[in-house]
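The questions below concern a bound ligand and the space around it, and each is followed by a short answer.

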Amino acid sequence: MDCLFCKIIAGDIPCAKVYEDEKILAFKDINPQAPVHVLVIPKTHIACADEITSANSGVIAHIFENIPNIARLAGVKNGYRIVSNCGEDGCQSVKHLHFHILGGEKLTERMA
Ligand code: 5GP
Ligand code: ZN
């Protein structure tokens, strides 16, 4: 499959790793939009939030169970924002489900 994030998981494309276990990978965004900008992805290919089902949602729970630790490892000290863009209107550019963790400064109140 021609998926950028699957290639990062496979090690074919390098990344600045923040956290990894058997189910998920967290790495720094290549084009950060905040002082801390980390992407958290499932190692299984799920295209976007629309594709989350009762059969694959265990890894989503696992991501959220680990986000506080990932945010701490990334250097966040005073809160953060979690974002997942989905589909055309959501401006999703990489079609492998990912959660942005943004922080390291006071973010804007406006989200869209
Ligand atoms: P989306 O727009 O799909 O919500 O987010 C995709 C994110 O992936 C963007 O913030 C973009 O900067 C990031 N990104 C795209 N290509 C790469 C890459 O090769 N390496 C890393 N670390 N991030 C990438
Ligand atoms: Zn993928």
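Q: In this predicted model, which pocket is the space taken by ligand 1?
A: The model is predicted rather than determined by experiment. A molecule is assigned to a pocket if more than half of its atoms lie within 2 Å of the pocket's grid points, and the space taken by ligand 1 is the largest pocket.

Q: What is the volume of the largest pocket, and which residues are the closest to its centre?
A: The largest pocket has a volume of about 800 Å³. Among the 32 residues that line the largest pocket, those closest to its centre are Asp29, Gln33, His37, Asn85 and His100.

Q: Which element supplies the largest share of the lining of the largest pocket?
A: Helix H1 (4-10) and strand S2 (24-28), together with strand S3 (36-42), strand S4 (80-83) and strand S5 (99-103), each supply at least two residues of this lining. The largest share, three residues, comes from H1.

Q: Which residues come nearest to ligand 1?
A: The shell around ligand 1 comprises eight nonpolar, six polar and two charged residues. Of the 16 residues around ligand 1, those that come nearest are Lys28, Asp29, Asn85, Ser93 and His100.

Q: Which residue places a polar backbone atom 3.0 Å from an oxygen atom of ligand 1?
A: Two side chains offer polar atoms to oxygen atoms of ligand 1, that of Asp29 at 2.5 Å and that of Asn85 at 2.8 Å. The backbone also takes part, since a polar backbone atom lies 3.0 Å from an oxygen atom of ligand 1, and this atom belongs to Val94.

Q: How much of the accessible area that ligand 1 has on its own does the protein cover?
A: On its own, ligand 1 has 520 Å² of accessible area. The part of this area that the protein covers is 83%.

Methods. Residues are numbered from 1 along each chain as its sequence is written. Chains are lettered from A and ligands numbered from 1 in the order in which they are written. This is a predicted model: local features need pLDDT of at least 70, side-chain atom pairs count only at pLDDT 80 or more; totals for chains, interfaces and linings use all residues. Side-chain values use heavy atoms; hydrogens and water are left out. A residue is near a molecule or strand if one of its heavy atoms lies within 4 Å of it. A polar contact is a pair of N or O atoms within 3.5 Å; within protein, one must be able to donate a hydrogen and the other to accept it, and residues adjacent in sequence count only if both atoms are side-chain atoms. Accessible areas come from the Shrake-Rupley method with a 1.4 Å probe; for residues, only the protein chains shown count as cover. On a 1 Å grid over the protein atoms alone, a cavity is a set of points where a 1.4 Å probe fits but cannot get out, and a pocket is an open set with protein on both sides within 12 Å along at least five of seven lines; lining residues have an atom within 4 Å of a point. Helices (H or I, at least four residues) and strands (E, at least two) are DSSP runs, numbered from the N terminus. Ala, Val, Leu, Ile, Met, Phe, Trp, Tyr, Cys and Pro count as nonpolar, Asp, Glu, Lys and Arg as charged, and the others, Gly among them, as polar. Grid points are joined across faces, edges and corners, and a volume is the space filled by probe spheres set on the points.
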